[in-house]
Amino acid sequence: MEVIYTGLHQTPEMIATAAIQEDVDVIGLSILSGAHMTLIPKIVDELRARDLADVLVFAGGIIPEEDRPALAAAGVAAVFTPGAAFGEIVDWLKTTLDSHTSLERNQE
Ligand code: B12
């Protein structure tokens with residue numbers, strides 16, 4: 001896999017634009033600031049607006065358990081919080097990429 005790190009302080013628009021330019025299969029969002037309920041749905045909206053609903057979106061960071069259902073409903077395929085083992089994350093990604101859960105399918 002090729003991994004492109006976009007750096008800190010990206011806006012939802014910048015992330016969606018980078019996803020188009022780099023023709024990505026997956027977007028991994030790391031968010032520790034507590035703004036996940038505001039920013040992640042905006043990122044998903046920006047992807048849909050650019051016809052990128054088939055891109056797999058997953059996230060990690062300081063994300064409370066009670067926020068997960070809303071993120072799942074928004075189209076986030078998985079959330080990994082502190083303590084998640086890197087092997088667990090990699091295994092999930094490989095398995096999921098094989099069956100490819102898209103934003104569109106999550107909405108059905
Ligand atoms: C280091 C640190 C910082 C550094 C960050 C340096 C850097 N560039 O990364 C600095 C000093 C910049 C910082 C700033 C701030 N911080 Co700070 N910080 C931390 C600290 C001590 C460690 C975070 C860390 O790196 N952990 C190590 C990594 C490996 O763990 P992790 O990030 O949790 O990642 C794991 C999972 O979450 C998951 N994961 C994470 N991202 C992703 C992404 C994907 C795609 C996947 C699959 C998985 C995944 O996998 C990892 C392995 O298990 C935490 C406390 C803590 N113990 O977590 C506070 C903490 C995150 N910070 C906090 C706060 C409040 C802030 C500030 C808002 C402070 C301020 N008022 O300015 C700012 C926000 C900056 C911002 N815009 O996000 C709070 C957040 C509280 C909340 N969200 O409810 C915390 C929890 C401290 C606390 N208990 O209050 N912080």
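Biologist: Which residue has a polar backbone atom 3.5 Å from a nitrogen atom of the ligand?
Modeller: Happy to start there, and do keep in mind that this is a predicted model. The ligand's nitrogen atom lies 3.5 Å from a polar atom of the protein backbone, and the residue holding that atom is Gly-34.

Biologist: Which residue has a polar backbone atom 3.0 Å from an oxygen atom of the ligand?
Modeller: Leu-32 places a backbone N or O atom 3.0 Å from a nitrogen atom of the ligand, but you asked about oxygen. For an oxygen atom of the ligand, the polar backbone atom at 3.0 Å belongs to Gly-61.

Biologist: Where does the largest share of the shell around the ligand come from?
Modeller: β1 (26–31), β2 (56–61) and α4 (86–99) each give at least two residues to the shell. The largest share is four residues, and they come from β2.

Biologist: How many charged residues does the shell around the ligand have?
Modeller: The ligand has 18 residues around it. Of these shell residues, 10 are nonpolar and eight polar, so to speak of charged ones, the count is none.

Biologist: What is the angle between the planes of Phe-58 and Phe-80?
Modeller: The two rings form an edge-to-face pair, 6.3 Å centre to centre. Planes over 60 degrees apart count as edge-to-face, and here the angle is 90°.

Biologist: Which residue has a ring stacked with that of Phe-58?
Modeller: Phe-58 is buried, at 10% relative accessible area. Its stacked partner has a ring centre 5.1 Å away and a plane at 20°. That partner lies in helix α4, 34 residues from Phe-58 in strand β2, and is Trp-92.

Terms used:
Residues numbered from 1 in each chain as written. Predicted model: local features only at pLDDT ≥ 70, side-chain atom pairs only at ≥ 80, totals over all residues. Heavy atoms only, no water. Near = heavy atom within 4 Å. Polar contact = N/O pair within 3.5 Å; in protein donor to acceptor, adjacent residues only side chain to side chain. Phe/Tyr/Trp six-rings, centres within 6.5 Å; stacked < 30°, edge-to-face > 60°. Buried < 20%, exposed > 50% of the residue type's maximum accessible area, 1.4 Å probe, protein only.
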